[in-house]
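Visitor: Hi, I'm new here. Could you walk me through what I'm about to see?
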Amino acid sequence: MSKLITLLLLSCISIPSLASEAKLENIQVMTDVQTVERGAEALMTDCHSCHSLKYIRYRDLVNYGVDKGKVDAWRGDLSMDAAVMAQMAEADSELAFGKAPPDLSLIAKAREGGASYIYSYLVGYFISSDGMPGNHYFPETKMPDVLGISGASNEKERAEIQSKARDIVAFMVWAADPNGPERIRLGYYVIAYLIVLTTLLYFVKNQVWSRLK
Amino acid sequence: MPHRIINWIDQRFPLTSFVKHELTGYPTPRNLSYWWNFGFLAGFVLVLQVATGIFLAMHYKADIALSFDSIQHIMRDVNYGWLLRYMHSTGASAFFLVIFIHMARTLYYGSYRAPRELLWWTGQGLLLLLMATAFMGYLLPWGQMSFWGATVITNLFRATPFFGDQVVIWLRGDYMVGDATLSRFFALHYLFPFLIIGAVVVHLVALHTVKSSNPSGIDLADKDNIPFHPYFTAKDFYGLGLFLIVYSVFVFFIPDSLIEPANNIPANPMQTPNHIVPEWYFLPFYAILRSVPNMVGGVVAMGLSVMIFAFMPYLDRSRIPGGAHFRPVYRGLFYIFAVDMLLLGYIGYIPPTDTSIMVGQWGTALYFGMFLVLPFASKAEERWLMKRGLPPQVEALIASEEKEKLKIKNRHRKGGAA
């Protein structure tokens, strides 16, 4: 029976996806305020003209601790409670790229592989030998190589782009789940409380059962 | 004063005798292991799902234009909405895990045997209700997997003879899964838990009539029964603590591991996801569905794969007590069955290939083969065990059960009440 429960538990662990051909570059991202702020800055410059984040309001950024001056610069004369919408109208970008760029609020959760997938995709652009641009992870993508990784001439430039992509992904991870940090912080308290409670319940149980001969 | 209040109530309502009969005096075998904890846990998860569900419904909008956004509203704007939602989505998985273990325990220890057939069948009915509730709840976030899962499953009703197409339209309320489907699934997803509560009451009435089974597989003598309260309330609450620790790890640290990534994309009827997978708890049955090439056959096989457990009291013909513990053949079958379930679950998860379909077909054949072989295997095993000589423990169990039966008979003859 103990074997069975191990097997049952194993079956709950999600089995890694077999979907994409290229192997993802596994990354861990930090969603501390500094990283998220850097990521937001990069995203506002490189992604925001086409992509929206409709579930994020400018106020959410300020509430998380992003510098208010920067947020004011990004929102221009939009309200603090306005959603972060793309600068380009959806119809225009559909005309330009043939496909409306996806909203990015949930993108870190909406792709198999999550943060690692998005990072790998962003730095997965290349120029093939016959001079055609391509992407290892999403060959049919309509998005151009915005970060310019395929044109990077040396290692230093590559590393800079990679660290920028990492920041952008960190921002997206935060945006997909702004309550994530609070959830984890609360989680430690809940687990600690439950361990104490369960230990006490164990003693209660032993105490009660000791009355039996 | 409290005594007078209780007296006042007791003259009008059987409060004290109810508590005595069902709790403080309810006889429970003292040898129950922790595997007997899971019925209580299932009851607890049911309450948890109803409680979180009612609060989620206060913020949720059952409208295809609004529902996806309303989930994000719950996740981002509602105070601790993320906690409610993750508790509810994790709770669904927890419910199935607990129920599967509860069923596995019944199968391992032969708790379905006479006189507990009705108890087992009411449980079977509860499993069906739970599956229907989970399936309808999965449509509500209106993500890609919600939409396509509901489309695939409602489409299966096309297999109904004569008016299959009409049945599908009747279920969906439209020619395709749409706003009408979402509204009715929401209404029914709110209704079904209360049907489940009703069915749980029936399940408990049956349980309290035949009393709990126990690892020995026989009805224990009176002296080996102890009151449910305080002994098993104490034990169940300790088990609950352990369960809550595991549950909280999922809720607080890896809640998204139980949500398909594609369900974070709003439903799009124009774009089919690369491969459509149900939630993990449906995967073995889904694999059985897919492994039959003919659709009607697949639906029948899937339905049968869930319902076939109801026949267990008649398929298992052995009279050896002690569940699988003293029955090596049955124990072997039990573990093979568990492994087959996991294999089918994996086959149901991966996109179908020629190899996976073939493995799935073998897995399905094995699944049903076990139930076909069981009547003969259990009888042969019994004969073999008798011939070889039963272990002294089993002999003792059988003898003590005989003695107990005799005692009860004598008591009845004397006309004395138990």
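**A first look at chain B**

Guide: Sure. Chain B has 16 helices and 2 strands (DSSP runs numbered from the N terminus: helices are H or I with at least four residues, strands are E with at least two).

Visitor: Why is chain B said to be as compact as a globular protein of that length?

Guide: Its radius of gyration, taken over C-alpha atoms, is 24 Å, close to the 22 Å that the globule rule (2.2 Å times the number of residues to the power 0.38) gives for 418 residues, so chain B is as compact as a globular protein of that length. This is a predicted model, where local features need pLDDT of at least 70, side-chain atom pairs count only at pLDDT 80 or more, and totals for chains, interfaces and linings use all residues. Residues are numbered from 1 along each chain as its sequence is written, while chains are lettered from A and ligands numbered from 1 in the order in which they are written.

Visitor: What share of the residues in chain B is buried?

Guide: Buried residues make up 37% of the 418. Buried means 20 or more other C-beta atoms within 10 Å of a residue's own, exposed means 12 or fewer, and partly exposed is in between, with C-beta atoms placed from the backbone.

Visitor: And helix 11 of chain B, how many of its residues are buried?

Guide: In helix 11 (residues 283-291), 9 of 9 are buried, among them Phe285(B) and Arg290(B).

Visitor: What covers them?

Guide: The cover includes helix 12 (295-307), helix 14 (328-349) and helix 15 (354-388) of chain B.

Visitor: New topic: where is Ala51(B)?

Guide: Ala51(B) sits in helix 3 (residues 38-57) of chain B. Ala51(B) counts as partly exposed because it has 14 C-beta neighbours inside 10 Å.

Methods. Contact = placed C-beta atoms within 7 Å.
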